[in-house]
Amino acid sequence: MLVPALIRDDLRGVDDEALTLSVIENKHRRDAHARDYVEAARQLSLMPLPQAVKERHARALGLSAAELTAADKASKLDDKNLSAAVAYDFDLVELADFQEVAHINNARSRLEAAKIRDRNDGAGTRGHWAHALQCLKDEAAEKAKRVQLKQDLAVAGVTLVDWDWRWHETPMRPLKDLVTPLGTAITAHQHARCPGHATTLNPFKPTVTWLCTDWRACQHKLSREASESAAPDAAEMAEKRRRTIRYNAAWRQACSVRQEFIANLCTRPGDATDEVWKFTLSAITGTSAMYSQYIARHRTDLISAFLKIKDPNHDSEPWRRVEDPFGSLIARTGATGRWRLLFAQVAAVYEHQAMSDQAWRNPISKDTTNWLAFLQRQKYSLSDIEAEVLDTARERSSRSAA
Ligand SMILES: [Zn+2]
């Protein structure tokens, strides 16, 4: 827990021992402000001292090495966000995470909720936190991309109109629905000369859709597909699309958090647990088509990522593979660590074959649910969409068994 403290002004500029002591001495002052504590940790982290010395002082303050490293970033939070987050027990690492996404709506409450879920799980991990943070980071990246797109369009002098699902009720139409009087498709480049040339930002992903603001007046025709599809139910279409985009994004977000968990699992010291061994051996000796399909691809990228080494094939063409890609790793791996290579391979098979972008859609494959259930037993915190996929598949199999 973060305890507010105060640095005495008369100690500014003095040596690290004195600074540490002053922070300890003030650790329990009630009237002190969170800012001062973060600032003290930041000053310590920036002192020109050997790392080991800094970490010793950090321990004296009840801070981990990771927290010390995070202090500089955490100190960039503004006062309002800082005191609110401290009130919810965010430590310095969490404050630094929050600082990166503080400009996103409800970032603090979403991270708080994740923190509470992690605590309730009682596994001592930050799995839900990692999912929530990844989600917020993606939103931040999307927001930045949208701002950039708008700027680029303004510089290029392109008219920007609001997105509308009911194009049928307006004189506007996306270019993909239009053709020339001769029936050929119209590209954005060709259309740039049209007085009706404009664009709109997709509401669910940061991409532009080119359109004509008055296709009839501008002498375009509707393509056959567009004229045949009678005014669809705009609300229903929007909802369907919204769901797909939201699920795709959520599924992809979960992927990076999950694969980081797998990499940590693969590099755990000592022998594998009985369950990991059994799962690995079953996958390798089983008759699943998934395994043989993956092996035939000769891919080494995921295995390398899970073993936290550079991909030996990172710059070679797909048809020209390194001969013994993991030879040197195998040579330096001791007897108790050999399971890691096998398990990394099995994890790569599942991640590539059973967890692709479309894997959340029905019908959900048994490989997908088996893998998620296995990871959950290894203390991986499922993201909301992963939990939903697992529940949906379990409900279906219990229904069909009944
Ligand atoms: Zn036009």
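Biologist: What share of the 402 residues in the protein chain is buried?

Modeller: Buried residues make up 28% of the chain in this predicted model. A residue counts as buried if 20 or more other C-beta atoms lie within 10 Å of its own.

Biologist: Which residues of helix 4 are buried, and what do they pack against?

Modeller: In helix 4 (residues 65-74), the buried ones are Glu67, Leu68, Thr69, Ala70, Ala71 and Ala74. They pack against helix 2 (34-46), helix 3 (51-60) and helix 6 (92-101).

Biologist: What makes Asn106 count as exposed?

Modeller: The limit for exposed is 12 or fewer C-beta neighbours. Asn106 has 10 inside 10 Å, so Asn106 counts as exposed. Asn106 sits in the loop between helix 6 and helix 7 (107-121), and its phi is positive, about 60°, although Asn106 is not a glycine.

Biologist: Why is Gln219 called exposed?

Modeller: The same limit of 12 or fewer applies. Gln219 has 11 other C-beta atoms within 10 Å, and is therefore exposed. Its loop runs between strand 5 and strand 6 (221-222). Phi of Gln219 is also positive, near 65°, in a residue other than glycine.

Biologist: Why are helix 2 and helix 5 described as roughly perpendicular?

Modeller: Helix 2 and helix 5 (residues 79-87) pack at an angle of about 95°, with axes 9 Å apart. Angles of 65 to 115 degrees count as roughly perpendicular, so that term applies to this pair. The contact involves Ala34, Arg35 and Val38 of helix 2, and Asp79, Leu82, Ser83 and Val86 of helix 5. By class, these are four nonpolar, one polar and two charged residues.

Biologist: How do you know that strand 4 and strand 5 pair?

Modeller: Pairing requires at least two bridges between the strands. Strand 4 (residues 197-201) and strand 5 have five, in the antiparallel sense, so the requirement is met. One of the bridges joins His197 to Cys212 in strand 5. The two strands form a hairpin, with six residues between them.

Biologist: What makes strand 2 and strand 5 a pair?

Modeller: Strand 2 (residues 173-174) and strand 5 (residues 208-212) are joined by two bridges, in the antiparallel sense. The minimum is two, so they count as paired. Arg173 stands opposite Cys212 in strand 5.

Biologist: Why is the pairing in the sheet called mixed?

Modeller: The open sheet has four strands in the order 1-4-5-2. Strand 1 and strand 4 pair in the parallel sense over three bridges, with Thr159 opposite Ala198 in strand 4, whereas strand 4 and strand 5 are antiparallel. Hence the pairing is mixed.

Biologist: What makes strand 1 and strand 2 edge strands?

Modeller: Strand 1 (159-161) and strand 2 each have a single partner strand, so one side of each is left without a neighbour in the sheet.

Biologist: Which helix lies across strand 1, strand 4 and strand 5?

Modeller: Helix 8 (residues 127-156) does, running at about 170° to strand 4.

Biologist: What is the mean pLDDT of the protein chain, and where does pLDDT stay under 50?

Modeller: The mean is 85, and 90% of the residues reach 70 or more. Stretches under 50 include residues 1-12, for which the model has 37 contacts beyond four places in sequence. Another is residues 26-31, with eight such contacts.

Terms used:
Residues are numbered from 1 along each chain as its sequence is written. This is a predicted model: local features need pLDDT of at least 70, side-chain atom pairs count only at pLDDT 80 or more; totals for chains, interfaces and linings use all residues. Two residues are in contact if their C-beta atoms, placed from the backbone, lie within 7 Å. Axes are lines fitted to C-alpha atoms, for helices over the stretch in contact, and angles run from 0 to 180 degrees between N-to-C directions. Angles under 35 degrees count as roughly parallel, over 145 as roughly antiparallel, 65 to 115 as roughly perpendicular and the rest as oblique. Ala, Val, Leu, Ile, Met, Phe, Trp, Tyr, Cys and Pro count as nonpolar, Asp, Glu, Lys and Arg as charged, and the others, Gly among them, as polar. pLDDT is the predictor's confidence in each residue, from 0 to 100.
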